Amino acid sequence: ALNNLYTFELGDLPVGATGSVQFFMELPCDTSNVDEFTGFTYCLDARIYPDSICNPISPDWDGSDIQVEAVCEEDSLRFFIRNIGFGDMLIPRNYIVIEDEIMYFQGDYQLDAGEETDVAVFATGATYRLEAEQDPAHPISSNPVAALERCGMEPFSLGFLNMFSLGDNNPFVDVDCMPVTNAYDPNDKRGFPLGYGEENYIWQNRDIEYVIRFQNLGSAEAVNVVVRDDIPEELDLGTIRFGSSSHPYDLQIHGRTLKFTFRDINLPPEEWDEEGSNGFVSFKISQNPYLEPGTQILNEARIYFDFNAPIITNMSLHTIAENLFTVNIAEPAKGNDLS
């Protein structure tokens with residue numbers, strides 16, 4: 001490990017091979033002070049190599065490859081936009097900066113290969129997020145995103161990081177941001193991005209990543225665990241990509257129902273092994289193209305522990321937005337200009 005960067009040498013993998021790497025972390029605080037950290041969000045990002053594209057490259061791509069980064073300084077939060085590609089940007093592209101859930105300002109940039117620019121905002125304790133446009137002909141159609149909370153003065157505004165896309169549509173990259181919580185229902189379903197407001201508004205055509213968690217709260221081992229998920233009609237079943245899971249599973253698809261079977265999982269009860277009593281499964285799926293604003297996407301899962309009646313998770317809700325942000329346009333600051 002070097003500066004919180006961990007590398008796992010996986011060796012040669014045959015086509016279609018799957019696997020998992022697990023590690024456990026503890027919060028950087030004394031458990032007696034956990035309330036002080038409740039609501040803070042911690043993010044992990046992972047990249048798998050080689051990360052080269054095998055698909056044909058569009059002749060319209062200008063060769064630019066945009067990367068963004070957020071850095072907290074003493075009194076400012078600074079976003080760096082870099083062109084790490086081999087080609088110059090042929091035309092300017094836009095970026096937006098979001099303060100909590102409000103569009104704070106927008107601007108444009110045009111970078112030659114190897115160039116960078118930076119955009120700065122005062123560090124007020126708000127959560128700031130920058131999303132930059134990538135060349136639409138780029139082999140990976142994913143706008144890069146950088147976001148940061150807890151920069152500046154308290155009180156911090158929390159709970160905004162997962163409202164919007166984390167910019168990890170790149171097939172070689174995965175970003176996971178988890179808030180610190182107190183007691184919660186261990187059998188639940190969440191869809192990311194979480195969305196904005198009570199209706200959980202998200203943009204059209206944005207992928208949703210679902211995570212279904214389960215825990216054995218019984219008094220004996222659960223030999224087999226089955227998770228069933230009926231995919232709503234608003235989602236394109238043909239685009240589903242299966243992600244990480246806590247344990248190996250068998251998958252069956254019946255119509256629009258996904259059936260994950262964790263066979264011989266022997267999940268211990270919570271009272272025997274609190275950490276080992278938990279499991280999860282995840283997958284990502286696309287919306288049907290151009291759903292009408294106001295369309296709701298509702299999804300819940302059923303979790304079966306052996307022959308017991310199913311546990312029904314919470315209902316995950318997303319609503320297609322027409323105008324996602326409140327707009328409060330300010331002038332962007334570049335370089336060291338924060339005046």
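Helices and strands, as I shall use the words, are DSSP runs, numbered from the N terminus. With that settled, let me locate one residue: Pro155 lies in the loop between strand E8, residues 145-148, and strand E9, residues 173-179. Please keep in mind that what you see above is a predicted model.

I begin with the backbone. As general background, most residues other than glycine have a negative phi, and most peptide bonds are trans. Against that background, I shall present two peptide bonds and two residues.

Pro155 comes up again here, since the peptide bond that joins Glu154 to Pro155 is cis, and its omega is near 5°. A second cis bond runs from Tyr49 to Pro50, with omega near 0°. Where does Pro50 lie? Pro50 is placed in the loop between strand E1, residues 41-47, and strand E2, residues 66-72.

I turn now to phi. Asn205 is a residue other than glycine, yet its phi is positive, near 65°. Asn205 belongs to the loop between strand E11, residues 201-202, and strand E12, residues 208-215. Its relative accessibility is 34%, so Asn205 counts as partly exposed.

Tyr290 also has a positive phi, near 55°, and is likewise not a glycine. The loop that holds Tyr290 lies between E17 and strand E18, the latter spanning residues 296-299. Is Tyr290 buried or exposed? Tyr290 is exposed, because its relative accessible area is 61% and the cut-off for that term is over 50%.

Next, the surface, starting with charge. Which residues form the negative surface patch? The patch consists of Glu26, Glu270, Glu271, Asp273, Glu274 and Glu275. Let me take Glu270 as an example. Glu270 sits in the loop between strand E16, residues 257-262, and strand E17, residues 278-287. With a relative accessible area of 35%, Glu270 is partly exposed.

There is also a nonpolar surface patch, of about 920 Å². Its members are Tyr6, Phe8, Leu10, Leu13, Val21, Phe23, Met25, Leu44 and Ile48. I single out Phe23, which is found in the segment before helix H1, residues 34-37. Phe23 has a relative accessible area of 45% and is therefore partly exposed, as that term covers values between 20% and 50%.

To close, I would ask you to find two places in the predicted model. One is the loop between E17 and E18, where Tyr290 lies. The other is the nonpolar patch that includes Phe23. Thank you for your attention.

Notes: Residues numbered from 1 in each chain as written. Predicted model: local features only at pLDDT ≥ 70, side-chain atom pairs only at ≥ 80, totals over all residues. Heavy atoms only, no water. Patch = residues over 30% accessible without salt bridge, like charges linked within 9 Å, V, L, I, M, F, W, Y side chains within 5 Å. Areas by Shrake-Rupley, 256 points an atom, 1.4 Å probe, with all protein chains shown as cover. Salt bridge = Lys/Arg side-chain N within 4 Å of Asp/Glu carboxyl O. Lys, Arg positive; Asp, Glu negative; His and termini not counted. Charge placed at Lys NZ, Arg CZ, Asp CG, Glu CD. Helix = DSSP H or I, 4+ residues; strand = E, 2+ residues; numbered from the N terminus. Buried < 20%, exposed > 50% of the residue type's maximum accessible area, 1.4 Å probe, protein only.
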